[in-house]
Amino acid sequence: MIRPVRLAVVYHSATGTVEEMARELAESAEKAGAEVRLRKVAGIGELPVPGVARPAPAAAPSGTALGVPQAAVDDVLWADAVILGSPTRFGNVSAQLKHFLDSLGEPWRKGLLADKVYSAFTATSSRHGGQEATLLALITSFHHFGGIVVAPGYTSPEKFVDGNPYGTAHSTEGRTRPVDAVTRDAARVQARRVVRLAAAVRAAALEEVR
């Protein structure tokens with residue numbers, strides 16, 4: 001029996017918006033039959049600094065949930081597909097998620113990040129606010145990995161409403177707009193597409209080995 005697709009949803013969330021989106025993606029992927037690891041990257045106070053002792057963990061940011069394990073390199077290596085999420089910082093990924101990406105250098109050199117399916121999501125405090133630039137920055141990293149980029153595209157009516165072919169994106173509009181049905185529908189489309197195409201890639205790889 002062929003095992004389920006393994007999907008890692010790895011994110012950094014400052015206020016809880018990206019985390020809520022990550023949970024929607026993870027739950028939708030599980031409903032699509034995937035085995036999912038939901039993982040958050042270290043907060044800025046937890047990033048290791050050479051020669052400096054790590055302080056005691058700070059309280060979780062307002063709006064974020066406790067109990068989500070911290071992301072590790074092994075979560076990416078374990079996965080057939082990886083969906084990465086970050087708030088937008090000046091049209092780019094957050095320092096926290098970039099730090100996690102930079103930690104993947106050794107497995108990248110060994111070719112262990114190649115041939116996996118990758119996708120991305122983001123959130124901003126203003127409408128648009130650099131969303132596409134952030135998603136494209138993540139997609140650039142996926143190309144360097146030798147990964148297979150699976151963007152949601154305009155592949156369903158929900159994506160025409162959402163209006164972003166590169167990934168799921170949400171604007172809180174000054175923290176007054178919670179994650180809504182439009183964003184959740186877009187996340188479901190993305191998760192299902194990632195699981196379906198990751199399964200196809202894995203099946204093709206297994207057939208090649210036979």
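Which residue stands opposite Gly85 in S3? Tyr11 takes that place, and the pairing belongs to a set of five bridges joining strand S1 (residues 6-11) to S3, with the two strands running parallel. The structure is a predicted model, in which local features need pLDDT of at least 70 and side-chain atom pairs count only at pLDDT 80 or more, while totals for chains, interfaces and linings use all residues. Residues are numbered from 1 along each chain as its sequence is written, and side-chain values use heavy atoms, with hydrogens and water left out.

Strands are DSSP runs (E, at least two residues), as helices are (H or I, at least four), and both are numbered from the N terminus; two strands pair if DSSP finds at least two bridges between them. Strand S3 also pairs with S4, through seven bridges and in parallel; here Val82 stands opposite Tyr118 in S4. S4 in turn is joined to S6 by four bridges, again in parallel, and Thr124 has Ser171 in S6 as its bridge partner.

The surroundings of these strands are worth a look too. Seven of the seven residues of strand S3 (residues 81-87) are buried (under 20% relative accessible area with a 1.4 Å probe, protein chains only), so S3 is largely enclosed by the rest of the structure. In a regular strand the side chains alternate between the two faces of the sheet. On one side of S3 lie Ala81, Ile83, Gly85 and Pro87, on the other Val82, Leu84 and Ser86, and both faces are covered. Strand S6 (residues 168-171) has Thr168 and His170 pointing one way and Ala169 and Ser171 the other, all of them buried.

Turning to the aromatic rings, those of Phe, Tyr and Trp (its six-membered ring) pair if their centres lie within 6.5 Å, and planes under 30 degrees apart count as stacked, over 60 as edge-to-face and the rest as tilted. The count by this rule is four aromatic pairs. One of them, Tyr118 with Phe142, is stacked, at 5.0 Å centre to centre and 20° between the planes. Because Tyr118 lies in strand S4 (residues 117-124) and Phe142 in helix H5 (residues 131-145), this pair ties together parts that are 24 residues apart in sequence. Both Tyr118 and Phe142 are buried. Phe142 also pairs with Phe145: the ring centres are 6.4 Å apart and the planes at 45°, so this pair is tilted. Phe142 and Phe145 both lie in helix H5, three residues apart, about one turn of the helix. Ring pairs thus link Tyr118, Phe142 and Phe145 into a cluster.

Notes:
Buried < 20%, exposed > 50% of the residue type's maximum accessible area, 1.4 Å probe, protein only.
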